[in-house]
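Student: Could we go through this structure together, with the reasoning behind each term spelled out as we go?
Tutor: Yes, let us look at the model and then take the terms one by one.

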Amino acid sequence: MNLFDRYRLERLIILITTHSPQLHSMHQYKGPTLNDSDSTVLDQSYNDFVTHYINGESLSSEGRTLPVTNPATGKVIRQVMLADEKVVKRAVDAAHEAFQSWKDFTPTKRARVLFQFKQLLEDNADEITYLLTEEHGKTREDAKGELIRGIEVVEYACGIPELLKGEFTQHVGPKINSWSQFEPLGVVAGITPFNFPAMVPMWMYPIAIACGNTFVLKPSEVDPSAAKYCAELFYEAGLPKGVLNVVNGDKEAVDALLDDSRIKAVSFVGSTRVAQYIHQRASENHKRVQALGGAKNHALLMPDADIEQAVNATMGAAYGSCGERCMAISVVACVGEESTQKFIQGLQQAIDNLAIGNGMDDNVEMGPLVSATHREKVLNYIQYGIDEGAKLVVDGRGLSIEGLDNGYFLGPCLFDEVTPNMKIHQDEIFGPVLSIVRCDTQEAAMQLINEHPYGNGTCIFTRDGEAAQYFVENIKAGMVGVNVPLPVPAATHSFGGWKSSLFGDLYAYGPDAIRFYTRRKTITQRWPSGGIREAAQYAFPSENV
Ligand code: NAD
């Protein structure tokens, strides 16, 4: 039985088990979930190892492994193998060899493989979103959204014959033409975080590969299966051996990638602490590097905003994916007493109605946090907030979901009266914790945002075009929304933040990625013709000489 048949069979088991009699959570539960015995069946059927995927084949490694957990049940579902230096070397060997021929594939031929890959991603969406939910905890609907955004980057990469067209000028000088062409770098690497296990890798490898590079991906060890599954689909689409390689692992694997001189560029997405480290070490090793870091995204609520709309938008942006998004809104700077009051009341009501449970269940709107350790970290932040004097108006601690007692659930938390220097305002929490900071004016709210060390995304809620324009022009963040709470750029633009949210010059995907994954070569050409013979010129060449 091949991999796809196996997943389909297991999927069938899942469909049967998810339709068996359901238990109901005690808290805010809106629909069915797996009961304990159902999840035992699932966990056993999936009990295996996540290997590496090198040269188009699964590769096992000896040595360290790490348990992969289903955050909704708290159960270990499989083990991921952790690559050492030798495994990484093997992946880079494969990519290095494959580069010699892949770079010579015409862009049109490369695009054909990408078109096929896009089709396979769509055909296998159920399997991919299942793995995303199983290992990350996000809802199936959210997983679908993640996959679609990843596929959009593949669609963009399908346009590579157009995107790689060079720049040409006829007659830059007498009988001289000049053009720039964009050539692949060689082997490039991607290191990705746990919160978008399929999409963030797809921000990188489809475009890098379309440009003629070969790729080594090191996905998050927390939820590694979806990235490997997608890589297998890419091969099924016709990718030649060695063009995409997946090594699973942790710091040891990352360091081996950073130190291999055959890797010419590194794309990283993750926390700021690690982004800084990657940026420094890769730069010291003379690699091109883009390292996207953490975030603390503010919304600004103006007194004239459509409050109902702002509440709905904020609920999704703050609590969707349990707040584990680098574009999540985690602070709302509110201007105006009356509108702020209404906004908070609206949030309280919406939180009361939020369906929390196993993300596998279609009716659930918010799943668990990714791990016990991460839940502990978020709980510590809630305590910091209380200790520093913020007012916890909704307390999500103590949430219990019947049948899922060992899951890493935490209900939505809402703090009011947060002040700029509090730890819960300064640090990225990456959980379902939203802070309200009350501000006297739009300028004061914008100052709060502009002085914050992070600058990924931000948004203003207003009906006033002038206020919105002022915000867009003067706010210091890389991605800005006007009544759009998660202004994640479409695949035809590029994604990146300012300040401590990005180290490096170029953003991820879109036009910046074409520049990141290629090297410009500019050619200036003249053919001897018409019997012109020139005397030696000792002045610097210019039009006038
Ligand atoms: P993380 O930084 O812990 O891990 C990211 C990657 O780095 C993983 O592959 C991991 O194995 C590796 N890594 C971890 N520690 C390392 C070390 N000491 N040395 C070398 N490699 C190391 O991030 P995470 O917890 O997986 O993801 C959450 C973070 O990612 C949040 O801070 C979030 O804001 C950020 N993020 C940012 C963006 C963005 O576009 N700016 C997008 C998604 C997530």
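Tutor: In this predicted model, 27 residues surround the ligand, and the closest are Lys218, Glu221, Ser271, Gly293 and Glu428.

Student: What makes the approach of Glu221 to an oxygen atom of the ligand a polar contact?
Tutor: A polar contact needs a pair of N or O atoms within 3.5 Å, and a polar side-chain atom of Glu221 lies 2.7 Å from an oxygen atom of the ligand, so the pair counts as one. By that cut-off the side chain of Ser271 also qualifies, with an N or O atom 2.6 Å from an oxygen atom of the ligand, and so does Gly293, where a polar backbone atom is 2.7 Å from a nitrogen atom of the ligand. The protein covers 88% of the 850 Å² of accessible area that the ligand has on its own.

Student: Which elements give two or more residues to the shell around the ligand?
Tutor: They are helix H10 (251–259), strand E11 (263–269) and helix H11 (272–284), and the residues of the shell divide into 15 nonpolar, eight polar and four charged.

Student: How many aromatic pairs are there, and why is the pair of Phe495 and Tyr509 called tilted?
Tutor: The count comes to 13 aromatic pairs. The ring centres of Phe495 and Tyr509 are 6.2 Å apart, which is within the 6.5 Å limit for a pair, and their planes stand at 45°, so the pair is tilted.

Technical notes: Residues are numbered from 1 along each chain as its sequence is written. This is a predicted model: local features need pLDDT of at least 70, side-chain atom pairs count only at pLDDT 80 or more; totals for chains, interfaces and linings use all residues. Side-chain values use heavy atoms; hydrogens and water are left out. A residue is near a molecule or strand if one of its heavy atoms lies within 4 Å of it. A polar contact is a pair of N or O atoms within 3.5 Å; within protein, one must be able to donate a hydrogen and the other to accept it, and residues adjacent in sequence count only if both atoms are side-chain atoms. Accessible areas come from the Shrake-Rupley method with a 1.4 Å probe; for residues, only the protein chains shown count as cover. Helices (H or I, at least four residues) and strands (E, at least two) are DSSP runs, numbered from the N terminus. Ala, Val, Leu, Ile, Met, Phe, Trp, Tyr, Cys and Pro count as nonpolar, Asp, Glu, Lys and Arg as charged, and the others, Gly among them, as polar. Rings of Phe, Tyr and Trp (its six-membered ring) pair if their centres lie within 6.5 Å; planes under 30 degrees apart count as stacked, over 60 as edge-to-face and the rest as tilted.
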